[in-house]
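Look at the model below with its sequence alongside. The text then walks from a buried helix to charged pairs, unusual backbone and a surface patch.

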Amino acid sequence: MVTHGTTAGVRQWLRGGDAVIATALVMIAVQLVWKFGLVRRTYFRQDDFMFIASGLDNNLSWDYLMRVDHGHLVPGPFAVQWAMGRLGVYNDVLAHIVTIALLGAASLALLRLLSLLFGPRPAILVPLAFYCLTPMTISSLSWWTVVIETLPYQIALPMALASHVLYSRTGRFGHALAAAGWTLFAMAFFVKAPFILVLAVVLSLGWLGWRGRRRAWPLYALLLVAYAAVFFRQLLTSEQLTDDEAQPSLPGAGLAARFAWTLLSGSLVPTSLGGPLRWQPIGEDYATAAPPPALVWAGLGVAVLVVAASLLFRRRAWVAWLTLLGYFALADVVPVMIGRIKELGPDLSGFELRYISSTAMVTAIVVGLAFIPVAGEEHPWRSARLPRLRPLRHAWIPLTAAFTAGSVWSVTAYARLPLGENVRSYVETGRLALQRAPEKAVILDTHVPAKVVYPIFFHDYALNSSVLGPVAPHPVTWIRRLSGPLRNPLTFDPQGRLRPVGIDGLTIPQRDGCTKVGAREVRFPLPVRLPEGGWTAQVGYLNPSVTRLSVGLGAGRSAPVQADKGFGWTFATVEGGGRELVIRTEGGPDACVGEIRIGVPRPSADGAPSPLQPVS
């Protein structure tokens, strides 16, 4: 039976904000369960392999941690990748746990800021729900390198701003030190971290008041100057992990404007309203936004209406939206415009959500500032216009419902991708193949498939020795080219299985078993002319003793290789082209040359693969 005392207790509980905090915690928990369904299907991808391999090759030194790689000073992620390489190399279970833990911490940090900034009122559930639901962060959650850069930043940003709010209200300098400390933590992980202190100053100027609370500003300025000094020193002295020689430069005005507009209209606005609904796969384990054109224009229209509505009845809403626009321009647009826009183009870059994933946190805070009065704020409303706007007071309900439905649809559509399934299969198949390979097996080191690591971007870090070498349980011999009398060389096929090496190309049979070759050149005609290039010759022999052969193609340079005693094969990598292969001995006994193959080394379709089937 419900008594009057029980009812009064429930009302007091609701007024005290406990129900709001409890609801918020349930929302965060539901979000983590929902997104874990996607995260657990992800795997390491692309530059994840490069950074883990680099961590394995280096000590945890200052030079390793403080390298500026392609404009990123990120000692925190370098340290995490160093540790990951020593905790199972490709320990995806650990990566999933860390991802969900960081996402939960970021959500709790946002809840703390919202409850401090606005008080524990039900309205704070709206910006919190935005952060929990928006697809803006989804693609980033499927990429380990992006996770360990952006999520620590998304934890530090609201924690630093919360400390700054406490400093503004209490005047205790310890809170300002805490804000600086959280910012310093963020600086170790993400290049956008300096903007946290800029946001803190804007928050003071717009809502918190700054008179008598300016002691923190020299501290913030000192931290920014120190960071800039370290960053530029390391930028000028660091070596890049890859041999990419691209230099930062400003694009033309037209290219820059097109990119900024695409990133705004095709990425930020649609994902802020529950889009993009559709995705454009990049490979098999990632996708960029691909919102329908109608959705783009409809989203821009809705965004204008939302901003206009807030400006009509909220005095400082214009400061909030200007803050978001400034952050978007300086933190999202400018770094990409300087560093990668010329390489990737404005369309591919403009629909790349990882460039704005951390902006989800800023957008959630701005939505709160644009619609909810800050605790203690005087005259937050344009009271003369409120009566005329009363019919709109429930307009947020259908908008929220549409945003929620769109977000669920968009995330579900992204989750339909294979995600890490095929990359995991390649790595785990390769791990099993290396486990079954004989000790000191000779493996021709080739590039992994582009679905695992793009060779055009990552060069030697895309080789199997870099990707699969760290998981080999015993030593094997990696070779970059076939040279000399190799016994049973192996190579990886596109599924990650080890197969015998075969030469795909032309065959020169010997009618009488073998042809005697001495110090004078013997010319072996080819069935067709080979164009100029690099080729591998596999030369069979039956020799009375060890000797050395000189193998050449046309007018190209000859390659000296050893040929052992008895029956066997020797390999030579030759440069050139033409209609005949030229072979002679080099200062040793004569040889008897058998069948010759010349072409490109590939996994042999005739040999049994190991394992027989890829690991699924």
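A residue is called buried under 20% relative accessible area, exposed over 50%, and partly exposed in between, with a 1.4 Å probe and protein chains only. This is a predicted model: local features need pLDDT of at least 70, side-chain atom pairs count only at pLDDT 80 or more, and totals for chains, interfaces and linings use all residues. Residues are numbered from 1 along each chain as its sequence is written, and side-chain values use heavy atoms, with hydrogens and water left out.

Begin with helix α9, residues 144-170. Helices here are DSSP runs of H or I with at least four residues, strands are runs of E with at least two, and both are numbered from the N terminus. The helix α9 has 27 residues. From first C-alpha to last it reaches 39 Å, close to the 39 Å expected at 1.5 Å a residue. That expected span is 1.5 Å times one less than the number of residues. Cover is extensive: 25 of the 27 residues of α9 are buried. Just after α9, G171 takes a positive phi of about 75°.

Within α9, pick out L157. Its relative accessibility is 0%, so L157 counts as buried. What does L157 touch, leaving aside residues up to four places away in sequence? The partners are I196, L199, M361, V362 and I365. Contact here means heavy atoms within 4.5 Å. There is also a C-alpha distance to check: L157 and A179 are separated by 9.0 Å, and they lie 22 residues apart along the chain.

Now turn to the charges. The structure holds 15 salt bridges. Each is a side-chain nitrogen of Lys or Arg within 4 Å of a carboxyl oxygen of Asp or Glu. Take K192 and D332, whose closest N and O atoms are 2.5 Å apart. This pair links distant parts of the chain, 140 residues apart. K192 sits in the loop between α10 (173-187) and α11 (195-208), while D332 belongs to helix α15. Are these two residues buried or exposed? K192 is buried because its relative accessible area is 7%. D332 is buried too, at 1%.

A second bridge joins R497 and D493, with 3.0 Å between the closest N and O atoms. Both R497 and D493 are buried.

A third bridge pairs D504 with R602 at 3.1 Å between the closest N and O atoms. It also connects distant parts of the chain: D504 is in strand β8 (residues 498-508), R602 in strand β14 (residues 591-603), and their positions lie 98 residues apart in the numbering. D504 has a relative accessible area of 48%, so it counts as partly exposed. R602, at 41%, is partly exposed as well. Elsewhere, salt bridges link R314, R316 and E377 in a network.

Next comes the backbone. Most residues other than glycine have a negative phi, and most peptide bonds are trans. Where do cis bonds turn up? One joins G275 and P276, with omega about 15°. P276 is in the loop between α13 (253-272) and β3 (279-281). Another runs from S610 to P611, with omega near -5°. P611 is found in the segment after β14.

Go back to the loop between α13 and β3, which also holds L277. Phi of L277 is near 70°, a positive value in a residue other than glycine. L277 is partly exposed because its relative accessible area is 28%. L419 has a positive phi too, near 55°. Its place is the loop between α20 (396-415) and α21 (421-436). L419 is buried, with a relative accessible area of 2%.

Finish on the surface. Which residues form the nonpolar patch there? They are L311, W318, L322 and L325, with about 410 Å² of accessible area together. Accessible areas come from the Shrake-Rupley method with a 1.4 Å probe, and for residues only the protein chains shown count as cover. Patch members have over 30% relative accessible area and no salt bridge; like charges are joined within 9 Å, and nonpolar side chains (Val, Leu, Ile, Met, Phe, Trp, Tyr) within 5 Å. Helix α15 (residues 317-339) gives the most to the patch, with three residues. L325 lies in this helix, α15.
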